[in-house]
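Q: I should like to learn how features of a protein model are read from its atoms. Could we work through an example?

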Amino acid sequence: MSAADATPRLYPTDADKLAVATAEARRGADEGGIPIGAALFDGEGRLLGSGHNRRVQDGDASMHAETNAFRNAGRQRSYRDTVMVTTLSPCWYCSGLVKQFGIGRVVVGDDQSFLGGQDWLAEQGVDIAVVNDPELIAMMGAFIESHPELWNEDIGEE
């Protein structure tokens, strides 16, 4: 069977999609970075691209998890039917990306450790689903506790 004949894997549930983002967050932590992961899916549940926060690894302040996933998804004709899944509530920068490109739905794994612009996105008509997964909350809490300077840098606080 050729690659063209292969049926792409579908991630039908929010939990399935969040597992992809969670694996990315773990990958980022294993690389010595900030444990935030994200993935962009089409409306059918096909993975378009995934990524993790690479600010530390790349020395690039713009390389948030959502940005990495968005870049890895490549150019899409439209983003209206896409779903951005992120392990942590999207910051204002990443919320702007969602709004700018019209991403229709965002699944948030944890908004207890940090609350970004998700309420604003909801006001803009984006469908927001919050999971508040205990594992993700614990992973982010442990990171914030052990790396407060790096965390504050990531969220733009002194």
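The dialogue below treats the sheet, the helices packed on it and two loop residues of this predicted model.

Q: In what order do the strands of the sheet stand, and how are they paired?
A: Strands of a sheet pair through backbone hydrogen bonds, in either a parallel or an antiparallel manner. Here five strands make up an open sheet with the order 2-1-3-4-5, and the pairing is mixed. Strand 2 and strand 5 (127–130) each have a single partner strand and stand at the edges, so one side of each lacks a neighbour in the sheet. From one strand to the next, the twist averages 15 degrees.

Q: How many bridges join strand 4 to strand 5?
A: Strand 4 (residues 105–108) and strand 5 run parallel and are joined by four bridges. As an instance, V108 has V130 in strand 5 as its bridge partner.

Q: Which strands does helix 1 lie across?
A: Helix 1 lies across strand 1, strand 2, strand 3, strand 4 and strand 5, and runs at about 140 degrees to strand 1. Helix 3 (residues 65–73) also packs on the sheet, where it touches strand 1, strand 2 and strand 3; its direction makes about 145 degrees with that of strand 2.

Q: What span should helix 1 have, and what do its end C-alpha atoms show?
A: Helix 1 (residues 14–30) has 17 residues, and at 1.5 Å a residue, counting one less than the number of residues, it should span 24 Å. Its end C-alpha atoms are 24 Å apart, which agrees. Just after helix 1, G32 adopts a positive phi of about 90 degrees.

Q: Which residues of helix 1 are buried, and what do they pack against?
A: The buried residues of helix 1 include K17, L18, V20 and A21, as well as T22, E24, A25 and G28. The elements against which the buried residues pack are strand 1 (37–41), strand 2 (47–52), helix 2 (55–58), strand 3 (83–86) and helix 6 (134–146).

Q: Is D42 buried or exposed?
A: Burial is judged by relative accessible area, with buried meaning under 20%. D42 has 16% relative accessibility and therefore counts as buried. This residue lies in the loop between strand 1 and strand 2. A polar atom of the D42 side chain lies 3.0 Å from the backbone nitrogen of G45, and the D42 side chain makes a polar contact of 2.8 Å with the side chain of R46. Beyond its neighbours within four places in sequence, D42 is in contact with L48, D81 and T82.

Q: What phi does N132 have, and where is N132 found?
A: N132, a residue other than glycine, has a positive phi near 50 degrees. N132 is found in the loop between strand 5 and helix 6, and its relative accessible area of 25% makes N132 partly exposed.

Key
Residues numbered from 1 in each chain as written. Predicted model: local features only at pLDDT ≥ 70, side-chain atom pairs only at ≥ 80, totals over all residues. Heavy atoms only, no water. Helix = DSSP H or I, 4+ residues; strand = E, 2+ residues; numbered from the N terminus. Buried < 20%, exposed > 50% of the residue type's maximum accessible area, 1.4 Å probe, protein only. Contact = heavy atoms within 4.5 Å. Pairing = 2+ DSSP bridges. Axes fitted to C-alpha atoms, helices over the stretch in contact; angles between N-to-C directions. Polar contact = N/O pair within 3.5 Å; in protein donor to acceptor, adjacent residues only side chain to side chain.
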